[in-house]
Amino acid sequence: MTTRILIIEDETTIAQLERDYFELNGFHVDLCHTGNEGLELALHVDYGLIIVDLQLPGMSGFELCSQIRQAKEVPILIVSAKNEEIDKIRAFNLGADDYITKPFSPSELVARAKAHLTRYERLLGKHEPAPKSEIHIRGLVIDLAARRVYVRNQEVVFTTREFSLLEFLASHPNRVFSKSELFERIWGMDSSGDIATVTVHVRKLREKMEVDPSNPQYIETVWGAGYRFSV
Ligand code: CA
C-alpha cells in the first residue's frame, strides 16, 4: 500500500524537491505552504508521516508540531534552517521524531523517513507477523525454511514437488483445493504435465506420511471437490 505523507513547507523549491524525492521512492505526497492549512490537513487526513518546516507564514512549525502531536500518533520530521540546539530541543519536547537542518540531503531525508515509518509500524504493531517457520500437526513437523519433513520423529525425504504440494496444503489447513487448482499452483501454467500428476503426488505423500495410506489422516479426499489438509 502506498504511504501518504504531508509536507508543510513555504519555500516552493524546497517543497518540490522533497516531493520529487518522496514520489521517486513510491510515496503519495500532499504539499501545503502555510501552517494553518497544514494543521487542517494533518488533523483530517490519515498520513503515514508529516514533514514540518519551522518558519512558516501564520502558525509556526513549533505550534503545528505540538498540535499534531496532541491529536495523532504519526512520525513528525522537522526540516529547518534553524540550527540552534535550543530549537532542536524545543522541537523534540513538542513531540517531533527527528530534526534535519537545511541544507539537507533529500536522499537522507527519505531514508530517515523510512526508518521512522518502520519504527512506528513496529511500535503500533502494524507489522506483518513473521511467517511461520515450522508447521506441527499430529506427529508431523514441516520445517519450511529447511524444507525438511519429520514424520513421527523420523525425517522423511520428499521430492521438490512433493514438498511444495505438502507445504501448500498444510499452509492452508482445512481448505479444499481442486486438482486443477493444485496443478496450477504447484506445477504452474508452463508445465507440460498432466493434471493426473496431482493424484500421483498425493498418493506419494500419503505413502510417506500416513500410518495407513488407504485411510488418510492428513490429506483427505473430498469426493467431487479435491483435497483438504485436515487439522
Ligand atoms: Ca520556511
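## Helices, strands and the loop of Asp-53

Helices (H or I, at least four residues) and strands (E, at least two) are DSSP runs, numbered from the N terminus. Keep that in mind as you look at this predicted model, where the chain has eight helices and twelve strands. A good place to begin is Asp-53, a residue of the loop that runs between strand S3 (49–52) and helix H3 (61–71).

Is Asp-53 buried or exposed? Its relative accessibility is 2%, so Asp-53 counts as buried; the cut-off for that word is under 20%. Setting aside neighbours within four places in sequence, its contacts are Ile-8, Glu-9, Asp-10, Gly-61, Val-79, Ser-80 and Lys-102. The UniProt record, in an unreviewed entry, lists Asp-53 under "modified residue: 4-aspartylphosphate".

## The calcium site

Which residues hold on to the calcium ion? Asp-53 is one of them: it coordinates the ion through OD, as does Asp-10, while Gln-55 uses O. The distances for these donors run from 2.2 to 2.3 Å. Asp-10 also appears among the contacts of Asp-53, so you can find these two aspartates together when you turn the model around.

Along the chain, the donors follow the spacing D-x42-D-x1-Q. Now compare accessibilities at the site. Asp-53 is buried at 2% relative accessibility, whereas Gln-55 has 47% and therefore counts as partly exposed.

## Two domains along one chain

Stepping back, the chain is divided into domain 1, residues 4–123, and domain 2, residues 134–229. How many Å separate their centres? Taken over C-alpha atoms, the centres of domain 1 and domain 2 are 51 Å apart.

The outline of the whole chain can be described in numbers too. Along its principal axes, the C-alpha trace spans about 80 × 35 × 30 Å. The radius of gyration is 28 Å, well over the 17 Å that the globule rule gives for 231 residues, so the chain is more spread out than a compact globule. Of those 231 residues, 42% count as buried. Among the contacts with a separation of 6 or more, 54% are between residues 24 or more positions apart.

## A closer look at residues 4–117

UniProt, again in an unreviewed entry, gives residues 4–117 the annotation "domain: Response regulatory". This stretch is 48% helix and 20% strand, and its end C-alpha atoms lie 11 Å from each other.

His-44 sits in helix H2, which covers residues 35–44. With 60% relative accessibility, His-44 counts as exposed. Follow the chain from His-44 to Leu-117 and you travel 73 residues, while the C-alpha atoms of the pair are separated by 19 Å.

## Two cysteines without a bond

How many disulfides does the structure hold? The count is zero. Cys-32 takes part in no disulfide, and the nearest cysteine sulfur, belonging to Cys-65, is 14 Å away. Cys-65 is likewise in no disulfide, with the sulfur of Cys-32 as its nearest, 14 Å off. A disulfide needs a pair of cysteine sulfur atoms within 2.5 Å.

How accessible are these residues? Cys-32 counts as buried because its relative accessibility is 1%. Cys-65, at 1% relative accessibility, counts as buried as well.

## Two residues from further along

Gly-139 belongs to the loop between strand S6 (134–137) and strand S7 (140–143). At 40% relative accessibility, Gly-139 counts as partly exposed. Leaving aside neighbours within four places in sequence, Gly-139 is in contact with Tyr-150, Val-151, Arg-152, Asn-153 and Tyr-218. One of these, Val-151, is twelve residues from Gly-139 along the chain, with 6.1 Å between the C-alpha atoms of the pair.

Thr-197 is our last stop, in helix H8 (residues 196–209). Buried or exposed? Thr-197 counts as buried because its relative accessibility is 18%, and the cut-off is under 20%. Not counting residues up to four places away in sequence, Thr-197 touches Phe-183 and Trp-187.

Definitions and conventions:
Residues are numbered from 1 along each chain as its sequence is written. This is a predicted model: local features need pLDDT of at least 70, side-chain atom pairs count only at pLDDT 80 or more; totals for chains, interfaces and linings use all residues. Side-chain values use heavy atoms; hydrogens and water are left out. Donors are N, O and S atoms within 2.8 Å of the metal (3.2 Å for Na, K and Ca); water is not among the atoms, so sites may look incomplete. Buried means under 20% relative accessible area, exposed over 50%, partly exposed in between (1.4 Å probe, protein chains only). UniProt positions are given in the numbering used here, feature names are shortened, and annotations may be inferred rather than shown by experiment. Contact means heavy atoms within 4.5 Å. Domain bounds come from an automatic or database domain assignment. The radius of gyration is taken over C-alpha atoms; the globule rule is 2.2 Å times the number of residues to the power 0.38.
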